[in-house]
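Here is a short report on one helix, its packing partner and the core around it. The model comes first.

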Amino acid sequence: MLKSFLRQYWLTGAATIAVVASAAYYVAIGEPDNFQNVKKSKNKSRNKLAGLVNEGNTCFINTTLQALASCPIFIWWIDSILEKPSSDAAGNCLETTSSLNLTMAVINNQHPTISADLFNTRQLIQSLEKHGWNLKSEEQDAHEFFNMLFTTIDEEINKKSKIVKGISIDDEQDTTTVCQSISSSPFRGNLASQLCCLTCGHKSVRYDAFECLSIPLPKLDMRNAFTMLNVQGLLKQFLAAETVGEVQCDNCSVTNGKIVFMKQLSLGKLPQCLCLHIQRCDWTNAGQLTKRQDLVKFSEELNVGNVVYTNRLSGNLKPVTYRLRAVVEHLGMADSGHFVTFRRNAVDGRAKWFYTSDTYIRTATLEEVLKSSPYMLFYERCA
Ligand SMILES: [Zn+2]
């Protein structure tokens, strides 16, 4: 596991800590009537989001939640998991999903009864800890949290489906047959890995599911420092064809170990929401963890039409366009720093951008967003 970018939220200054400390005591989850700053409101301001309290080095959680909350398709999916539990038992096993749903609704100012300026993630953290995750460890980052969250939601969907179908929880039945009633995560896509035997030309394809594509930066000694990197180029490079050896060919019978394959990655199944993680952690020759500060350009619209799987040799590549919803940025160095998010308002669609840093929220311009240094990018499919 990579060490976290973020260790010391405290570095961001005593003033911020004071704000968090004074705000934390009156922010509640689940018991809004007991807390003074949580108002019952029917008049929603569409231009308002709630901030998230830092529970002690938890900006990696807050940043991910703000980014996810900007994706309407994701929110709809979380809602659909929680729809009509057929029994209390089926509903009770969805603790993390329920906490997440509540958090999304409150920070987006879309909860039917709760309106808050600040919210805390304590209940969500506790539910994840019940699933065995250690969130108090200092080695955490936003990408790891994203994976942790989706693994846990999967576990809960699986458990719910088993309860609904009367299957024992311990029964290790294939989840794909058990969970048919719930569609898979909108972030789930498939990476097609096509192998072509260079001896006989035989082709085979393997599909691997992903929720987030983790894209490496070119090695420092391999890149021209004067060339600006961009997401489209990094994605293409990540998927680029390469030769691989020592793979058994199902078709030809050459067994002298000299069979070489051409391996080509592409997007086999496109997700509705596309999450890209830029691998900025690197190790020096001395074994020290460093952070790559490379500037990576990205655009509001991302066309992935040229990396979609096709079994044809040529053809018209149709554009497949995604629109930017959120950017997670890491500020600081490898062993200290802070995560912030630029995100759209989930309600107003394209119009509005916000900058969120734990409890602090302000509006932002698209120009400012596009100048940020991306660690994770969240896109939603639009065509
Ligand atoms: Zn072959």
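Helix α5 covers residues 95-107, with helices taken as DSSP runs of H or I of at least four residues, numbered from the N terminus. α5 reaches 18 Å from its first C-alpha to its last, close to the 18 Å expected (1.5 Å times one less than its number of residues). This is a predicted model: local features need pLDDT of at least 70, side-chain atom pairs count only at pLDDT 80 or more, and totals for chains, interfaces and linings use all residues. Residues are numbered from 1 along each chain as its sequence is written.

Ten of the 13 residues of α5 are buried (20 or more other C-beta atoms within 10 Å of their own, C-beta atoms being placed from the backbone), so the helix is largely enclosed by the rest of the structure. Among them are L100, M104 and I107. Just after α5, N109 takes a positive phi of about 60 degrees.

α5 also packs against α6. In contact terms (C-beta atoms, placed from the backbone, within 7 Å), the two sides are these:

| Helix | Residue range | Residues that meet the other helix |
|---|---|---|
| α5 | residues 95-107 | E95, T96, S99, L100, T103 |
| α6 | residues 122-130 | Q123, L124, S127, L128, K130 |

The axes, lines fitted to C-alpha atoms over the stretch in contact, come within 9 Å and cross at roughly 160 degrees, on a scale from 0 to 180 degrees between N-to-C directions. α5 and α6 are therefore roughly antiparallel (over 145 degrees).

I107 belongs to the largest nonpolar core, which has 69 residues. I107, C275, M376 and F378 touch the most other members. Leaving aside neighbours within four places in sequence, C275 is in contact with M376 and F378, among others.

Key:
A nonpolar core is a set of buried Ala, Val, Leu, Ile, Met, Phe, Trp, Tyr and Cys residues joined through C-beta atoms within 7 Å. A residue is buried if 20 or more other C-beta atoms lie within 10 Å of its own, exposed if 12 or fewer, and partly exposed in between; C-beta atoms are placed from the backbone. Helices (H or I, at least four residues) and strands (E, at least two) are DSSP runs, numbered from the N terminus. Angles under 35 degrees count as roughly parallel, over 145 as roughly antiparallel, 65 to 115 as roughly perpendicular and the rest as oblique.
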